[in-house]
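I opened the notebook today to look up one residue and its surroundings, and then to step back to the whole chain. My entries follow in the order in which I looked things up.

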Amino acid sequence: MLIELNAFQLQIGIMTAERFCVAKKAQGKDGWKHDRKQSMFSAVIHGVMAELAVASILGVNIDPAIYPNGDGGNDLKYKNATVQVKNNMNRGRELYFYVPEKEQFKSSVGVLTRPVSMVTIEILGWVSKERFLLSSEPINFGYRTNYGVSRSQLQQPEFLKAYLDTL
């Protein structure tokens, strides 16, 4: 499912990412832990754009607050449910929705996205918390072991909202 962000969403995304980076730098955290090939802003803006894309199909807003110790794994709220969005920028290998530890997956569902361009995000699919806890396996991308499910194990994005409505 391709989502093209509009000019207003792009402005919100840029401002939110910049606020996050300024707050992290004020805490003395100037580097980015996962990908040394891109700046912190580059990584954050892609994540925020992914959240905006998922929020648009759910009809909700992103949370603009900056949490010094993270958001607890809940990126979006939809009615009685929470959503964790993971944006995977890897090219040329299997894409995964993953977290460092199974217990860190706190949301009702996890959604996997990937950028197609700066304004277009592809929503690849989603996994319920229950299915993730049962099906996730250890994976290592070279810097630590994570737990994840592959893209082929995800549910179709068209069914996300209907599933969340049942919670």
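I listed the contacts of threonine 113 in this predicted model, leaving aside residues up to four places away in sequence, and found that threonine 113 touches Ala50, Val54, Val85, Lys86, Asn87, Asn88, Ile121, Glu122, Ile123 and Leu124. Among these partners I looked closer at asparagine 87, whose side chain makes a polar contact with the side chain of threonine 113 at 2.7 Å.

I then placed the residue in its element and noted that threonine 113 lies in strand S5, which covers residues 109–115. Is threonine 113 buried or exposed? I entered it as buried, because its relative accessibility is 0%, and the cut-off for buried is under 20%.

I also checked one pair along the chain: threonine 113 and arginine 131 are 18 residues apart in sequence, and their C-alpha atoms are 18 Å apart in space.

Turning to the whole chain, I counted 4 helices and 8 strands, and I wrote down their order from the N terminus as β-α-α-β-β-β-β-β-α-β-β-α. The radius of gyration is 15 Å, close to the 15 Å that the globule rule gives for 167 residues, so I noted the chain as being as compact as a globular protein of that length.

I recorded that buried residues make up 41% of the 167 residues, and that, among contacts between residues at least 6 apart in sequence, 64% join residues at least 24 apart. Last, I entered 20 positive and 16 negative side chains, with the centres of the two sets 3 Å apart.

Conventions. Residues are numbered from 1 along each chain as its sequence is written. This is a predicted model: local features need pLDDT of at least 70, side-chain atom pairs count only at pLDDT 80 or more; totals for chains, interfaces and linings use all residues. Side-chain values use heavy atoms; hydrogens and water are left out. Helices (H or I, at least four residues) and strands (E, at least two) are DSSP runs, numbered from the N terminus. The radius of gyration is taken over C-alpha atoms; the globule rule is 2.2 Å times the number of residues to the power 0.38. Buried means under 20% relative accessible area, exposed over 50%, partly exposed in between (1.4 Å probe, protein chains only). Contact means heavy atoms within 4.5 Å. Lys and Arg count as positive and Asp and Glu as negative; His and the chain ends are not counted. The place of a charge is taken as NZ of Lys, CZ of Arg, CG of Asp or CD of Glu. A polar contact is a pair of N or O atoms within 3.5 Å; within protein, one must be able to donate a hydrogen and the other to accept it, and residues adjacent in sequence count only if both atoms are side-chain atoms.
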